[in-house]
Amino acid sequence: MNKIKLTWLSLFLLLLNTSVMAQGGMPVRFSVQQKQTAPDEVEVVFTGKIDNGWHVYSMGLPDGGPTSARLTTEKAEGAKPVGKLIARGKEISEFDKVFEMKLRYFEHQVAFVQKYKITGKTYRIKGFLEFGACNDENCMPPTQVEFNYNGKGPEDAPEAKEENVDSIPALPVTDTVAKTDSAAAAPVSIGDIKGDWWKPVIQVQQQLDGGKEANHSWLYIFIMGFLGGLLALFTPCVWPIIPMTVSFFLKRSKDKKKGIKDAITYGISIVVIYLTLGVLITAIFGADTLNNLATNAVFNILFFLLLVVFALSFFGWFELRLPSSWANKVDSKATNTSGLLSIFLMAFTLALVSFSCTAPIVGLLLVQASTSGNWLGPAFGMFGFAIALALPFTLFALFPAWLKQAPKSGSWMNTIKIVLGFIELAFALKFFSVADLAYGWRLLDREVFLSLWIVIFGLLGLYLIGKLKFQSDGDDLKPMPVLCIMMGLVSLAFSIYMIPGLWGAPCKAVSAFAPPIMTQDFNINNKEVHAKYLDYDEGMAAAAAQGKPVLVDFTGHGCVNCRKMEAAVWTDPSVADRLTKDYVLISLYVDDKRPLDKPVEVTYNGKTRTLRTIGDKWSYLEEMKFGQLTQPLYVTLDNEGNPLGKSFSYKEDVPAYMDFLNEGLDNYRKK
């Protein structure tokens, strides 16, 4: 689909309010084939395709790190492996500060190859490749790709016999583990499991996760855009133009109705201009790029620098201006034309003239919308912005008497610019934090972030109560209005509210913006939550006996973001209280390498898979029951294994996590 078609399609979807939901698949897909390289030698080749943003780890990584790629040969009759598993592809090697070790991985594509020497007239080789894959937010559980090949060897070779092969050493199973898992060693036999807790609920969970979240996201972006448009109205580049423009339309025609019609057309033109800008952002960058911006470190650094520039512009250090010749040319064309074209050109002139005031607001909105994970976010954001910006031109044309009651231009507009500068500066730190966490620089730990926000909002409070002045304020020594003083006190109170956070207080109001609490060097709030149950069936039985809902936590020993959620979200007193008192918490480690009593073959989506470890069983449960294969994943269930609400993934947002827990608890109580 070319850019023009995408632009028109985006506009069409927006105007009709059509729900669009991206359908995702497996981020890493492996195919396996056998290649004969000599009469007595074959290669088993695993070819992997890796989605953007994901990576597959290489072989032989140190213990305590992510899952390494490794091959297990379960059977070799008339053949034996030659050498070790090798990788073909561009291997990236870098020191990971989270794991505190050098990691090697592949992006986009990789091939793993194992050679076998044929030693018999016939041969059979069977085994599996295990690999680990992660992106910046989630990890797949250790995943296995099985192979089973047979064929003929050289005529003069002896009869086939099973060779001794190296395999993954089995970890010892304690008595406790054996008792825990023996009853559920064959989870595929759903009918034998008490309570029928293994039944698939993929469609139900997808419905709960789908429309409600998307609609909230679009509505949120639209409202933010609308509020941004209202703020832009009260800047010195826009507000003084409103009465002149409305008066022009009402006076240019003796017919009052035609004047009102022209003013409404002018407002619609503003909407079309800014809406087109939002749609073009999607068309130029593409949906895939926009969906990846939220976790892309390079883009977040650029966003940080952009917002700092916008903040300095609002503070009056310099002024962002487009070439004056652009506005003059468009204005002259508007004067020399007539009809709808002249009105549209006048609206375009407004966009050019007001650039110095609207560009920072539009820039912040586009950055927020682009990193929302919604590919139509920029269009919805600009739609809300444009409606707010066009509204007064239309309303004042319909009700001219309101113009007399509208506030006159004055120094209050410069005050709004300065306030917006502080807000832009605060938001800039949020985007730098994303890059800082991604690269592990540790330049903006939680206490550093909070210190900067305390200073920013403290200075904002001092400015609003009149104790701080900028050069753009001039020599005006008049007392600040009561409204500004009240807002200044709120800003100062907000700064004081964040101070305990320097010692580990949760500070829920900023938890969605600040870095995770695990980055804080000094933390006196060390309350931790641990799951009482590490077995699904045991936990479900306990929940039924206690009459409580269940929170299933699909996690992993090597899942970094799982630890971040536990440190940043579960340690919050309100979350910890809800988890320990109102839920039965079950943590299922999908990378648990302890073996089951015996391997279990299961069939899912037409493919046969062998479950060998406890982690295999939990990853199978996650995929078969919920249609997911990433960690962390949190789902709330009733005592029959039915979903109670939306699932929750990696998002260090305490209020959002509390909403997730409260939704599940409320729905359980209703049942």
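Which side chain does Arg612 meet in a salt bridge? Keep that in mind as you go through the close-ups below; this is a predicted model.

**View 1. Arg612 and Glu146 meet in a salt bridge.** The answer is Glu146, with 3.7 Å from N to O. This pair ties together distant parts of the chain: Arg612 belongs to strand β15 (residues 607–613), Glu146 to strand β11, and they are 466 residues apart. The two ends are not equally covered, since Arg612 is buried at a relative accessible area of 13%, whereas Glu146 counts as partly exposed at 27%. Look for Glu74 here too, as Glu74, Glu146 and Arg612 are linked in a network of salt bridges.

**View 2. Arg70 and Glu130 form a salt bridge between two strands.** Their side chains meet at 3.2 Å, N to O. Arg70 sits in strand β4 and Glu130 in strand β9, 60 residues apart. Glu130 is buried, with just 3% relative accessibility. Arg70 comes out as partly exposed, because its relative accessibility is 32% and the buried class stops under 20%. If you want to hunt for others, a search of the whole structure turns up 11 salt bridges.

**View 3. Strand β9 pairs with β4 and with β11.** On one pairing, strand β4 (residues 70–77) runs antiparallel to β9, and 7 bridges join them. To find your place in that pairing, look for Ala76, which stands opposite Ile125 of β9. On the other pairing, β9 and strand β11 (residues 143–152) are also antiparallel, joined by 10 bridges. Here Arg124 stands opposite Asn150 in β11. Why is β9 (residues 122–131) described as largely enclosed by the rest of the structure? Because 7 of its 10 residues are buried.

**View 4. Strands β14 and β15 make a hairpin.** Strand β14 (residues 595–604) runs antiparallel to β15, with 6 bridges between them. One spot to check is Thr603, whose bridge partner in β15 is Thr608. There are 2 residues between the strands, and Asn605 takes a positive phi near 55 degrees.

**View 5. Asp592 and Arg594 share a salt bridge.** The distance from N to O is 2.7 Å. Asp592 counts as buried, at 9% relative accessibility. Arg594, on the other hand, is partly exposed at 29%.

**View 6. Helix α16 has a buried side and an exposed one.** The helix (residues 482–498) has 17 residues and reaches 25 Å from its first C-alpha to its last, close to the 24 Å expected at 1.5 Å a residue. Cys484, Gly488, Ser491, Ser495 and Met498 are buried. They are on the same side of α16, because they cover an arc of only 85 degrees around the axis. Turn to the other side and you'll meet Val482, Leu483, Val490 and Ile496, which are exposed.

**View 7. Helix α18 is mostly covered.** How many of the 9 residues of α18 (residues 560–568) are buried? The count is 7. They are Val560, Asn561, Cys562, Lys564, Met565, Glu566 and Ala568. So what sits over them? The cover includes β12 (550–555), β16 (633–637) and α21 (654–670).

**View 8. Asp445 is a buried loop residue.** Its place is in the loop between α14 (412–439) and α15 (446–464). The relative accessible area of Asp445 is 6%, so this residue is buried. Leaving aside residues up to four places away in sequence, Asp445 touches Asp436, Pro515, Thr519 and Asp521.

**View 9. Two stretches have pLDDT under 50.** Across the protein chain, pLDDT averages 78, and 79% of the residues score at least 70. Residues 1–24 stay under 50, and the model has 31 contacts for them beyond four places in sequence. Residues 163–195 also stay under 50, with 48 contacts beyond four places in sequence. Where pLDDT is low, don't read the predicted coordinates in detail.

Definitions and conventions: Residues are numbered from 1 along each chain as its sequence is written. This is a predicted model: local features need pLDDT of at least 70, side-chain atom pairs count only at pLDDT 80 or more; totals for chains, interfaces and linings use all residues. Side-chain values use heavy atoms; hydrogens and water are left out. Helices (H or I, at least four residues) and strands (E, at least two) are DSSP runs, numbered from the N terminus. Buried means under 20% relative accessible area, exposed over 50%, partly exposed in between (1.4 Å probe, protein chains only). Contact means heavy atoms within 4.5 Å. pLDDT is the predictor's confidence in each residue, from 0 to 100. Two strands pair if DSSP finds at least two bridges between them. A salt bridge is a side-chain nitrogen of Lys or Arg within 4 Å of a carboxyl oxygen of Asp or Glu. The expected span of a helix is 1.5 Å times one less than its number of residues. The arc is that of the directions from the helix axis to the C-beta atoms.
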